[in-house]
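Welcome! Please take a moment to look over the sequence and the 3D structure before reading on.

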Amino acid sequence: MKEKLEALRAEESELEDFIGESLKIIHAVRVGFGDLYADVLEWRYIDGLSFSQIAEEHEMSKSTAHGRIDIACEWVDSVGISRLLNGHYEI
């Protein structure tokens, strides 16, 4: 029982770190690329909304939501995650 609890705490810590880094990347997208793209990333990957929910709740088409995520991810790839996490938002 104790080992399982320790394993769950370790997993919780890993997930918290992952969410923290994800929020830093989304913040970098917001600062370096714009709210339109950062918002969709946050709704999808932090809030866990489906594309249908994003479309319905935020008055945009599913294809627009998909497109913004694709564009944001391409921008992140072009800048590089390590650079974004260090506050460098320029390509």
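## A word before we start

Two residues are said to be in contact here when heavy atoms of theirs lie within 4.5 Å. Please also keep in mind that this is a predicted model.

## The overall picture

Let us begin with the whole protein. Its secondary structure consists of five helices and zero strands. Read from the N terminus, the order of elements is α-α-α-α-α.

How does the radius of gyration of the protein stand beside that of a compact globule of 91 residues? The protein has 16 Å, while a compact globule with that number of residues would be near 12 Å. The C-alpha trace spans about 45 × 35 × 15 Å along the principal axes.

## Surface and interior

Of the 91 residues, 26% count as buried. The accessible surface of the protein is about 6400 Å², and carbon and sulfur atoms account for 51% of that area.

Contacts also tell us how parts of the sequence come together. Taking contacts between residues at least 6 apart in sequence, 42% of them join residues at least 24 apart.

## Where H1 meets H4

Now turn to helix H1, residues 2-32, and helix H4, residues 62-79. Their axes come within 11 Å and cross at roughly 95°. An angle of 65 to 115 degrees counts as roughly perpendicular, and H1 and H4 are therefore roughly perpendicular to each other.

Which residues make this contact? From H1 come Ile-25, Ala-28, Val-29 and Gly-32, and from H4 come Ala-72, Trp-75 and Val-76. Sorted by character, the residues of this contact are six nonpolar, one polar and no charged.

## Two residues from that contact

Ala-72 sits in helix H4. Is Ala-72 buried or exposed? Its relative accessibility is 0%, so Ala-72 counts as buried. Setting aside neighbours within four places in sequence, Ala-72 touches Val-29, Tyr-37 and Leu-41. Ala-72 and Ile-25 are 47 residues apart in sequence, yet their C-alpha atoms are 10 Å apart in space.

Ile-25 belongs to helix H1. With 18% relative accessibility, Ile-25 counts as buried, because the cut-off for buried is under 20%. Beyond its neighbours within four places in sequence, Ile-25 is in contact with Val-76, Ile-81 and Leu-85. Ile-25 and Asn-86 are 61 residues apart along the chain, while 9.9 Å separates them in space, C-alpha to C-alpha.

## Helix H2 and its partners

Helix H2 covers residues 35-46, and its buried residues are Tyr-37, Ala-38, Val-40, Leu-41 and Trp-43. What do the buried residues of H2 pack against? They pack against H1, helix H3 (51-58) and H4. Two residues of this buried set, Tyr-37 and Leu-41, are also in contact with Ala-72.

A general point about helices is handy when you look at such a set. An α-helix has 3.6 residues a turn, so residues three or four places apart point the same way.

## Two spots with positive phi

Just after H2 comes Gly-48, with a positive phi of about 75°.

Glu-59 is another spot to find: its phi is positive, at about 50°, although Glu-59 is not a glycine. Where is Glu-59 placed? Glu-59 lies in the loop between H3 and H4. Its relative accessibility is 77%, so Glu-59 counts as exposed.

Terms used
Residues are numbered from 1 along each chain as its sequence is written. This is a predicted model: local features need pLDDT of at least 70, side-chain atom pairs count only at pLDDT 80 or more; totals for chains, interfaces and linings use all residues. Side-chain values use heavy atoms; hydrogens and water are left out. Axes are lines fitted to C-alpha atoms, for helices over the stretch in contact, and angles run from 0 to 180 degrees between N-to-C directions. Helices (H or I, at least four residues) and strands (E, at least two) are DSSP runs, numbered from the N terminus. Angles under 35 degrees count as roughly parallel, over 145 as roughly antiparallel, 65 to 115 as roughly perpendicular and the rest as oblique. Ala, Val, Leu, Ile, Met, Phe, Trp, Tyr, Cys and Pro count as nonpolar, Asp, Glu, Lys and Arg as charged, and the others, Gly among them, as polar. The radius of gyration is taken over C-alpha atoms; the globule rule is 2.2 Å times the number of residues to the power 0.38. Buried means under 20% relative accessible area, exposed over 50%, partly exposed in between (1.4 Å probe, protein chains only). Accessible areas come from the Shrake-Rupley method with a 1.4 Å probe; for residues, only the protein chains shown count as cover.
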